Amino acid sequence: MEIGIRAALFDKRLQVTASAFHIDWTGLQLPSQTVNGAVGITVNANDAVSKGFEFTARARITPRLTLQGTYSYTDAHLVEDAPGIVVTQGVKEDAFAGDRLPGSSKHKASAQITYTHPLSNGAEIEANWATTYTGDIYSRVGLRGNGEIIPGYTTHRASLTYHSEHFDLGIFADNIFNKYAVTAISNDLSSYNQVRTGVVERYYSIGVLTPRRVGIDFRFHY
């Protein structure tokens, strides 16, 4: 279920969108691992709920300057106990009603400012700066079975673009401050360089944010 509103105020200089949602999940599937070998698998985890709200606002400060912001909150958790769905060091562990689901953050937000400057030839130059925040994430349901909290992080992006009738030419930079952040975790620390039945296990791994990236963007209109 989802409900929302949209509004345009002050001669459409301010536009606002807000919505709230409530989703019931039956037989939700979650990542886990095999008892033998610590191989990643997907398991059934009984029922869960995901609820929250989203908000977006766009303000035209001047005909050439625009501000935009977004925020979302998501509360996703089990509503029934899920026996034995988490496996660590070959041992099954239970998850319980109220345990937060892995893989998604509770809080996300962004802010963006755009300025457009007209040129005498009819073209224009657009400057843009965007900041995005991603809140912390659980690597495993309810942090059971050596689950970890993946810390939240903030990134910044900027671009400068020349817009003409037939083409756009711009330069951009992603992750301007070269932020290092963990974005995902596979398995858990119990399977990192552990020796079991004479075999060294190295199943633990992390995914990281793409480092700073600078480039040129060219688009042709036809």
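These legends accompany several close-up views of one predicted model.

**View 1. The enclosed cavity and its lining.**
Welcome to the inside of the predicted model. A search of the whole structure turns up one cavity of 30 Å³ or more. The largest cavity has a volume of about 70 Å³. Which residues line the largest cavity? They are L30, P31, S32, V43, I85, V86, V87, P102, S139, R140 and V141. Sorted by class, this lining consists of eight nonpolar, two polar and one charged residues. Two strands, β3 (29-33) and β7 (82-88), each contribute at least two residues to the lining of the largest cavity.

**View 2. The largest nonpolar core.**
Here we look at the largest nonpolar core, which has 13 residues. Those with the most contacts inside this core are L30, L78, I85, L101 and V141. Both β6 (65-78) and β7 supply at least two residues of the core. β7 gives the most, with three residues. Some names may look familiar from the first view: L30, I85 and V141 are among the residues that line the largest cavity.

**View 3. The surroundings of I85.**
This view picks out I85, one of the residues with the most contacts inside the largest nonpolar core. What is I85 in contact with, once its neighbours within four places in sequence are left aside? The list is L30, S32, V43, N44, A45, E93, A95 and V141. Among them, L30, S32, V43 and V141 also line the largest cavity, as does I85.

**View 4. Strand β6 and its two partners.**
Strand β6 can be followed here alongside β5 and β9. On one hand, β5 (residues 48-62) and β6 pair in the antiparallel sense over 14 bridges. R60 stands opposite T66 in β6, and the two strands form a hairpin with two residues between them. On the other hand, β6 pairs with β9 (residues 107-118), again in the antiparallel sense, over nine bridges. In this second pairing, G69 stands opposite A111 in β9.

**View 5. S72 in strand β6.**
Staying with β6, we zoom in on S72, which is found in this strand. Is S72 buried or exposed? S72 is buried, because its relative accessible area of 16% is under the 20% limit. Not counting residues up to four places away in sequence, S72 touches F53, E54, K106, H107 and K108.

**View 6. From β9 through β10 to β13.**
Next comes strand β10 (residues 124-134) with its own pair of partners. β9 and β10 pair in the antiparallel sense over 11 bridges, and in β10 the bridge partner of T114 is N128. The hairpin of β9 and β10 has five residues between the strands, and in this hairpin G122 takes a positive phi near 90°. β10 is also joined by 11 bridges to β13 (residues 153-163), and these strands run antiparallel. There, A127 stands opposite L160 in β13.

**View 7. T134 and T17, two threonines in strands.**
T134 lies in strand β10. With a relative accessible area of 13%, T134 is buried. Beyond its neighbours within four places in sequence, T134 is in contact with S105, H107, K108, G152 and Y153. T17, by contrast, is placed in strand β2 (residues 14-25). T17 is partly exposed, because its relative accessible area of 33% falls between the limits of 20% and 50%. With the same neighbours left aside, the contacts of T17 are I5, R6, E54, F55 and T56. The C-alpha atoms of T17 and F167 are separated by 32 Å, and these two residues are 150 residues apart along the chain.

**View 8. Two loop residues with positive phi.**
Most residues other than glycine have a negative phi, which gives some background for this last view. K12 is not a glycine, yet it has a positive phi of about 65°. K12 lies in the loop between β1 (2-9) and β2. Is K12 buried or exposed? K12 counts as exposed, because its relative accessibility of 58% is over 50%. L143, also a residue other than glycine, has a positive phi near 60°. L143 is found in the loop between β11 (137-138) and β12 (149-150). At 28% relative accessibility, L143 counts as partly exposed.

Note on methods: Residues numbered from 1 in each chain as written. Predicted model: local features only at pLDDT ≥ 70, side-chain atom pairs only at ≥ 80, totals over all residues. Heavy atoms only, no water. 1 Å grid on protein atoms, 1.4 Å probe; cavity = no way out; pocket = protein on both sides within 12 Å on 5 of 7 lines; lining within 4 Å. Points joined across faces, edges and corners; volume = space filled by probe spheres on them. Helix = DSSP H or I, 4+ residues; strand = E, 2+ residues; numbered from the N terminus. Nonpolar A, V, L, I, M, F, W, Y, C, P; charged D, E, K, R; others polar. Core = buried A, V, L, I, M, F, W, Y, C linked by side-chain atoms within 4.5 Å. Buried < 20%, exposed > 50% of the residue type's maximum accessible area, 1.4 Å probe, protein only. Contact = heavy atoms within 4.5 Å. Pairing = 2+ DSSP bridges.
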